[in-house]
Every structure is written in structure tokens, then in C-alpha cells.
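Hi,

Here is the structure I promised to pass on to you. My notes on what turned up in it follow below, so please have a look at both together.

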Amino acid sequence: MTKNIDSNPCNKTIPFWQWLKETPVAILEENELPVWSDPSEVVEAVKAMGAEFIRYPAIGWGAHFYDKSDWLPKYPLIEDNNDLYGKISQAVKSHGIKIMAYCHYGVLYPELEKSHLHWLARDAEGNLLRWNGGTHYMSCMCNESFIEAMRNAITEVVSKYNPDAVYLDGPTWYGICYCEHCRKLYRNKYGQDLPIPVSYTDGSLQRMNIIRDEVVANIVRGVQRAINKISKCPLCFNGTLHTKPHHRTGQPELTSAFAEGMNTTEVHRPGSLWEMLEAVKLGESLEKTSLCYLPPGPYDTLRTYDLPEMDVLGAAYLMHGATPMLGTVSSYIKDKTGAKRMYNFVKFIKANASIYYQSTSIHELGLVYSRATSNYDHEVDVSQTGLAFSGAFRALLQGHRQFDCIFDTQFTPERLLRYKAIYMPCVSVLSRSQEDMLRNFVQAGGSLIASGDFSLKDEEGKPEKNFSLSDLLGVDFAGYQPAVQYHPREYRETSPHHGFSQIPEVYLKLGDNNIWPIDKKGRLMPVSDAVVGIPELKRYIEYYIVHPHKETQTLADLFLPAGGAFGRPLDFPLGTPPGITIKKYGKGKVIYISVPLEKIYLRRGNPEIRQILVRLADIALDECPVVKLDAPAAVICNVTQNQDGTIFIHLLNYTGNMFECSNPVEYISPVNNVTVNIKLEKKPSKVKTICDNTQVKCDYKENYLRIILSQLNIFQTIIIM
């Protein structure tokens, strides 16, 4: 066996909900009338999909679908004696199929206005809030009567039908509620009246977001406790992490403490594969059951598709330990075109569940998403606060470096010690305890990569005069980029001064030292947008002027040119301040980037920017990253390890006709001669691949195992024993 290359590869105790993690669940969305006339149709469709588990509604939009309830009204279009959930539950269980009881939590049928008006949310003017502008209403998440009714109704379902698991579609705030219950809670918590409307300016929106997060977690905790009094039934909730900056579903990393699983990817397909992978890797950090739609919608309820989409997204989930939610049973009732591909994929999962669900990611580099920055940095558009994280994510992923995603809310000294390096892109807001943890982490030998306005705001998002962690960074804040006068049409040859105004473009000039490849030394790397003349394409210019401490080394300068008219020499009115610095701190080191390279990479995809970020990651990892790939950027890698030391290298190929929007994947181009280098302390006894179970060409030298795959089609897992 290979020696562990991770100090904590996975938990030794197998949780009671492990079966949930290893079991793909077929979903049947029915919050109105059913699409089936007989339960046997549902059973047949589930079997055609290869599934042995189904999610079916027991509660939808404030009404129930079972025989009777002491707490909720029945959906008005279903007869009182018609037990839809009971029929499906009995039918699937008789065929050995498990069932998850679906319970929507956040929207109410229009009919509930008459019987339960006090459950409905209200806007700042006191009007009832409609869901998506339609006929349905939003429910108030602070209403104790509504919370109690939902909790007791869910308990009813567990008592009557003994489901194998429970799924909450929510709890979800679909907007800010200003009803009497929300005002009371705000007043009791903060000792002041709820402002109308709430805003970032006075801090009331940040405070209301804290309430929303706490309410969601408390609701889930209450449901879990109620269920546990009856049976050991796993509880899942909807945390859709693609809405990272928002608080509609609370903070999933906090709520997950009271549940065994979470819906991680949104059914409505948030966009490109890269965006979905963000959610998947963030979901992986929760270390519970991470449920992901396969394929993501929108659903065609009468049609299924036989496309590589299933294999690509399914593999993306598996390689990160996520559990597919197979959509949707209603489609397979009417059309089974995609049944064979779905069936074969589910069969593959069953045969290899131990590989994908009983191993954990090797911890090397932790990429941080900052909840505090997204909530408290009110000078920045909330929707923009995740751009630096997304850019760093893509650079590391497409640069084939091993990394985990973590939230700043997960910071503990023990959690940080898992990693050799922590990467915090443009994290402006930190608590004092987090600052102390980072100092101790680096002091003990860890590395930190930080960029932009790191620690430049206090805990409430207000600007500081200097970086709170200037001692750690090794630089002092001196100023922001100057305001630039934008001309209607400004090109070098047509601007009023026929040259560079101050400052139309920003570059990094890489230092002439031994950290950069020979061909990169002294090179200028564009780190802003100079395209102008088109109103909707304004230039993107963002950087910070810093002064280095005496012991800080500059790895790259900011190149800030002005003038240059008629070929004259360029002027540098702001000098050439540091662009990238490195400083030793205790036994560790800190790299600071004064320009948000991550945002630039997200916007432009310049491979040289990716190479710089990957190079900095390697420096932070002492030049010994656990894995290196010689493959196109669209080949994705994740390395996991199980308890006995077996290592799994998962490779996903996303080359071909790639669409950066909601188009399904229809073609993947094979990649030849993919080379993988993985760090091992000794030569392994055996190396093989899972998909064809054949030996691969490899050699071992200087603590690295070199593996060559003659061809990578869609997905491959290499097993190292």
C-alpha cells in the first residue's frame, strides 16, 4: 500500500446516513396534480432509470398530499380521501424502492390567503408578497404558527409512512418580509425597530441577513429533533449554493449541522459547467450528503435525452463525492429515450460506490469563499463579491491543482491545519478571531495567498486606514487607483493627448528573479481592460498602491504608464509600486497580489494570468504540489484517498463543443497522451484504471509517480495501491 499523503484522509466512523450518500435518487416533482394515473407507472419509470430510491412530494406549498393532516390543509384539487403520497409510498416499497418525503418550505397556495392569512409574508408597504409575481404567496419564515404547523406536519408524515429520508425544499426566504413577526424578532434581537426598507447603508440589511441565516438553521434544527424522536431518518434541505452571496436559504455550511444532506446544485441550471463545479466543490466542504441534479433542468416533462451530458455532469458529481438526483420520473413515464444511458450510469455508481463515496479529497490548498465580505462589504455590489473567488477557482481548476473550497464560517484552527496553504482572494472583511487564526497558521508553517483589499475593512465592512493584517502581508496600504477620466472614444491614436492618459491600462511586470520561467521574466502581463469607446464595455481598472516592509520581497511590479504621445518615453506618475510580494512570517510565508488577478482571469481567461496564479500556488506549496497534469485546461482533476491509503485520481474531460451557458453537453473530444504526476513517498504496488480495469504506463522517480494515459475520453479514475 502507498503511505498516506494526507494526515486525515477520511472519518473512520461510517455515519448512519452513508447509504443516502451512496444512493442516487430519482425525483418526481409534483406540487400540483399528478402526472400518473396508477402508481405502477411510477415504479416502471424508476426501474427504467436504474434507480432504487425516489423523492416524492408529501407537502407542497403549504398543503399536504397524504390522507389527512391535523396541521395543514389538503391541496384543494385533490379529494379528501385520495392519498397520493401513501399510494406511491406503498407501491415503491413493495418493489424494494426507498422513498424520500419531499416537503416544500417557503411558498403557499393562493387558497391559503383565506384560511391562513397570518402565514403570508408582506412587503414594506404591508402588501402580501407574491412568489415570482404569480398567484402563489411567500410565507413568513419568522411566523411561529407556520413553523410549528410545518414541523408537526412533517412529523406526521414520518409517523404515518416511515419514509427512508425527508427532504425540505427550503426553508427559503423568497424576499425580505416586513410583517409583524419579522419586526418583533428584529426588535428583540437588536433593540431597535426594523427600518423600512432595510439597506446596506445603515447596516439593517446585514442585520436582517443574520436573522435570515439563523431562522433557517433553527427551523431545520427543530425538524431534525422532531424526526429523531420517531426514527433515525436522514434529513436533507435545499441550500442551492449557486446563490452564494444571498441569504435566501441561509448559510448552508451552518444549517448542515442539523441535517444529513443538502441540495447543492440548482435544478434550473445556473450556467456553465464551471459555475456548477463551484457549487459541487463548496458542497463537498460540508462533508455530508451533497445532492446534485442530473441533468439540471429546466425539465422537458414529456421527453428524455440520450446525451453525453449525463456522463459529463454525472462524473463531475462522482469525483467530488456528490450524489445525483435523477430527473425526472415524469419524463421517463412518457418517454424512455435516455433510459439506457441513465440506467448504465446508475449501475456504474452502484458497482463503484466505495471508490466515490468512501474516500475524501486530499487536503492541500484551501480556497476561501468569504461570507463576511459578501454580507458586510456594502461598498461593493453584492452580486460582484464572488467574482474573485470564481476567478481563482477557475484558474486552479484549469491549472490542474488540487484544492478544496471552504467558507470563512468554517474557520477553526483544526480545519486550517488540514492545509499547507490557504488562498483568500479579495477577502476584505475578517473577524479578529479569524485574523489570529491566520497569523497562527502561517507562524506554524502554513502559507497564505491574499489579494486585493484583503483585510482592508473592519468587521462591519467599514474601510480601515491600513490592512488589519499588514504585519502578516508585509505591506502597508497607501491608496486606491486614481479616478480615471473616460473619454467617449479613447484609443492611443485618437485620445485628446494622443497617448496614455492616467491610467488607461494596468500591467504586471514580472521581476527578474528565479521564480518566473525564463520566457516570463520582465514580461508585461495585462491586468485591466483597455477596450473603450463602447459605453457598455467600460474599462475595468482596479488595483491598490502598497508600500512594502523592509523584509518583503517584490516578485512583480505594477506597470502604470502615462504619456507616450508621438512615441515619446512613457511617464510613471505613480511610480512602479509592488504588484506581487512575498514575505516570510514565522515558519510560513505570505504572498500578496495588489491587483485582483482572479477577476481579470474570470473576465478574460488569459492563460498567462492562470499560469501566474498557478505558479504562486506552487510557491505557497513549497514547489511540491501533490498533482501536476500535462493536459488541456478543460481536463479537470480531483484526488481522493480512502482509509487504507488507496489513492484515486479522477479525471474529467470537458473538451469539445463547450458552451458557456445553459446548453447541454453533446460532444466531447478525446484527449491523447494525458500525463499525470502525483507525489508519493514510495513506489506503489499497483496502478490501474477503473473504466477498463487495465494497467497504465507509469514510472516512479524522485517521489513522483508519472502516469501516462494514451487516451482520455469522458471520464477516468486511476487507482493507486
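Two residues are in contact when they have heavy atoms within 4.5 Å of each other. Please keep in mind that this is a predicted model.

With that cut-off, one residue to look at is Phe-467, in the loop between β16 (447–451) and α18 (470–473). Leaving out residues up to four places away in sequence, Phe-467 touches Gly-452, Phe-454, Ser-455, Leu-456, Leu-473, Val-475, Asp-476, Phe-477, Val-546 and Tyr-592. Of these partners, Leu-456 sits 11 residues away in sequence, with a C-alpha to C-alpha separation from Phe-467 of 4.6 Å. Phe-467 counts as buried because its relative accessibility is 3%, and the limit for buried is under 20%.

Now the overall picture. The protein chain has 721 residues, of which 61% count as buried. There are 20 helices and 33 strands in the protein chain. Among contacts with a separation of 6 or more, 74% are between residues 24 or more positions apart.

Helix α20 covers residues 607–620. Its 14 residues reach 20 Å from first C-alpha to last, close to the 20 Å expected at 1.5 Å a residue. Is α20 enclosed or open? Here 12 of the 14 residues are buried, so α20 is largely enclosed by the rest of the structure. The buried residues include Ile-609, Ile-612, Leu-613, Val-614 and Leu-616, and also the charged residues Glu-608, Arg-610, Arg-615 and Asp-618. At the N-terminal end, Asn-606 caps α20, with a side-chain oxygen 2.9 Å from the backbone nitrogen of Glu-608. After α20 comes Asp-622, which has a positive phi, near 60 degrees.

Asn-606 comes up again with Pro-526, a residue of strand β19 (residues 524–526). The two are 80 residues apart along the chain, yet their C-alpha atoms are separated by 8.9 Å. Not counting residues up to four places away in sequence, Pro-526 touches Asn-606 and Ile-609, along with Val-506, Tyr-507, Ile-600 and Arg-604. Pro-526 has a relative accessible area of 21%, so it is partly exposed.

Another pair of elements you may want to view is helix α6 (residues 180–190) and helix α7 (residues 204–228), which pack at about 105 degrees with their axes 11 Å apart. That angle makes α6 roughly perpendicular to α7. On the α6 side, the residues that meet α7 are Cys-182, Leu-185, Tyr-186, Lys-189 and Tyr-190. Their counterparts in α7 include Arg-207, Met-208, Ile-210, Ile-211 and Glu-214.

There is also a polar contact at Gln-410, in the loop between β14 (404–407) and α16 (413–416). The side chain of Gln-410 reaches the backbone oxygen of Ser-285 at 3.3 Å. Not counting residues up to four places away in sequence, Gln-410 touches Glu-253, Ser-285, Leu-286 and Arg-415. Gln-410 counts as buried because its relative accessibility is 11%.

Finally, the cysteines. How many disulfides does a search of the whole structure find? The count is 0. Two cysteines show contrasting surroundings: Cys-292 counts as buried at 0% relative accessibility, whereas Cys-698 counts as partly exposed at 35%.

Best wishes

Conventions: Residues are numbered from 1 along each chain as its sequence is written. This is a predicted model: local features need pLDDT of at least 70, side-chain atom pairs count only at pLDDT 80 or more; totals for chains, interfaces and linings use all residues. Side-chain values use heavy atoms; hydrogens and water are left out. A disulfide is a pair of cysteine sulfur atoms within 2.5 Å. Buried means under 20% relative accessible area, exposed over 50%, partly exposed in between (1.4 Å probe, protein chains only). Helices (H or I, at least four residues) and strands (E, at least two) are DSSP runs, numbered from the N terminus. The expected span of a helix is 1.5 Å times one less than its number of residues. A polar contact is a pair of N or O atoms within 3.5 Å; within protein, one must be able to donate a hydrogen and the other to accept it, and residues adjacent in sequence count only if both atoms are side-chain atoms. Axes are lines fitted to C-alpha atoms, for helices over the stretch in contact, and angles run from 0 to 180 degrees between N-to-C directions. Angles under 35 degrees count as roughly parallel, over 145 as roughly antiparallel, 65 to 115 as roughly perpendicular and the rest as oblique.
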